[in-house]
Amino acid sequence: MLALTLTAISVSTGAAAQGQGSTLPTIGGTGGGLIAGQQEADIGRQVLVSLRRFAPQITDPLVYDYLSSILYRLVPAAPLQNRDLTLALIDDPAINAFAVPGGIVGVNGGLFLFARTEQQFASVLAHELAHLSQRHFARRLEQQQASTPLTIAGLIAGIVLTAVTQSDIGIAAIVGTQALAIQNMLEYSRANEQEADRVGLDILANAGLDPRGMPEMFEIMTRQNRLQGNRVPEYLSTHPLTQSRVADTQNRAEQYPLKHIEDSPEYHLIRARLQVHYAVSAAAAIDSFRAALNESKIAGSGNSLGSNASNTAIRYGLAVAYIKDGQYPEAETLLNQLLLANPGRITFQVTLAQSLIAARRLTEARALLVRALARNPGNYPITHTLAQLELASDNGAAAAELLSQLARKKPQQEHLWFKLAEAEGMARNIVGVHRARAEYDALMGDLESAQRQLRQAQEKLTAGSPMRQIVTERLSAISAELNVRRNG
């Protein structure tokens, strides 16, 4: 379970505690600050490396694409200095999300399970963006003037790992930074939380979403807290939820104009997809969605409007569950029906293609994806699925071309570089293998291995060739970064 944004950290026992008033200092700017600019980027990189190494990731392109879209719907409404964010999608069914310096925003897959509406889901992201925009983490760390950025980065990474892996790995990382006082390092201050609530509500409203989703989500968390008894949910362990805070947020949300804002259909499709992912078994998921479909039909029979959006999401979830259970004809029947009612919807096309690929009907899947990509050039889920198909077809060159496009657009997605190396190997492009492995190793924090891979690529290229020049320049950059790390 991911311990959320890690703000209230004590690095030195000698540091005086800062007052919890509503007026908080500004970090960065012309006057500088303890962590700002490049230092924040360094912290973000180290946290990402830790997550990539030890936290299970969701690489589902449909889930990632939706999360990117909702996040970047919120970003223009957030008072962020740096809007270049990197997503981490953690494969964990608990309620959680986090944001750390360097523009890292993480979300547990479980957040989709508990947030019944898109407005509720977006409220958690808005709250995290508010913490990031107000630099609550940096405000606390500025007190620790004796701490170096490298120490801070190691401490943050250790905290993340402790929460994500539920093991001693993170504790060891924290000890390695010689942090002397860590007992309160996960809990946000009340002032921080109130400010993040207030700013988060504004972000929601300015993004065209319903601020009332935030108190609704708080109610869900409160109920979950009661259900878990003494075992406090991870999100609440780092974001204390008091009755006064809930009441204040509820009152503030009611001050915004009342508007009827519809959820995007995509949210409920992705939510259904993850409900299948976290189900005890495919059979259990099938039973659950069948029961929900029957209930939906009964409820819809007495309502002229019915519940089309809900019904569509349920049928989609059932189709995904059929795929997971290997019942491909049943899944394809449902998906074709959904496409008939929703022509061109990418989620249905990609999922149908995934069913066809699983059933080894590769020619049909390729034709479907090629047509979809022609209508939606550069689309991430379609391109990603087509690349998977080419790998399944042992067509390494075609897969490498597609994966190369994706990796250039999303260079922080380490699994794309890993797959690209596989595709290049299949295509017998040894230089391509070394280059892709170098990028993967660099993202995993193994700069020595990345350096070796690039040197091997360089040796196989003709002196003076354009590709050798490209490899040489990348090798120089990796070597420089490695020297900085070694010299501390």
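**Figure 1. The second largest pocket of the predicted model and the residues around it.** In this predicted model, the second largest pocket holds about 610 Å³ of space. Its lining is made up of 23 residues, and those that lie nearest the centre of the pocket are Asp 60, Pro 61, Arg 273, Gln 354 and Gln 388. Two or more lining residues come from each of helix H2 (61–74), helix H12 (265–277), helix H14 (308–324), helix H16 (346–358), helix H18 (380–392) and helix H20 (414–426). When the lining of this pocket is sorted by class, 9 residues are nonpolar, 9 are polar and 5 are charged.

**Figure 2. Gln 349, a buried residue of helix H16.** Helix H16, one of the elements that give residues to the lining of the second largest pocket, contains Gln 349. The relative accessible area of Gln 349 is 4%, and because buried means under 20%, this residue counts as buried. If neighbours within four places in sequence are left aside, the residues in contact with Gln 349 are Leu 339, Gly 344, Leu 368, Ala 372 and Arg 375.

**Figure 3. Helix H21 (residues 430–443) and its surroundings.** At 1.5 Å a residue, the 14 residues of helix H21 should span 20 Å, and the C-alpha atoms at its two ends are indeed 20 Å apart, so the expected span and the model agree. Of these 14 residues 11 are buried, which means that H21 is largely enclosed by the rest of the structure. Among the buried residues are Val 431, Val 433 and Leu 443, together with His 434, Glu 439 and Asp 441. The partners against which the buried residues of H21 pack are helix H1 (38–54), H20, helix H22 (447–459) and helix H23 (466–487). After H21 comes Gly 445, which has a positive phi, near 85 degrees.

**Figure 4. Strand S1 (residues 86–90) and its pairing with strand S3 (residues 104–108).** Strand S1 is mostly covered, since 5 of its 5 residues are buried. In a regular strand the side chains alternate between the two faces of the sheet. In S1, Thr 86, Ala 88 and Ile 90 belong to one side and Leu 87 and Leu 89 to the other, and with all of these residues buried, both faces of the strand are covered. S1 pairs with S3 in the parallel sense over 5 bridges, and within S3 it is Val 105 that serves as the bridge partner of Leu 87.

Definitions and conventions: Residues are numbered from 1 along each chain as its sequence is written. This is a predicted model: local features need pLDDT of at least 70, side-chain atom pairs count only at pLDDT 80 or more; totals for chains, interfaces and linings use all residues. Side-chain values use heavy atoms; hydrogens and water are left out. On a 1 Å grid over the protein atoms alone, a cavity is a set of points where a 1.4 Å probe fits but cannot get out, and a pocket is an open set with protein on both sides within 12 Å along at least five of seven lines; lining residues have an atom within 4 Å of a point. Grid points are joined across faces, edges and corners, and a volume is the space filled by probe spheres set on the points. Helices (H or I, at least four residues) and strands (E, at least two) are DSSP runs, numbered from the N terminus. Ala, Val, Leu, Ile, Met, Phe, Trp, Tyr, Cys and Pro count as nonpolar, Asp, Glu, Lys and Arg as charged, and the others, Gly among them, as polar. The expected span of a helix is 1.5 Å times one less than its number of residues. Buried means under 20% relative accessible area, exposed over 50%, partly exposed in between (1.4 Å probe, protein chains only). Contact means heavy atoms within 4.5 Å. Two strands pair if DSSP finds at least two bridges between them.
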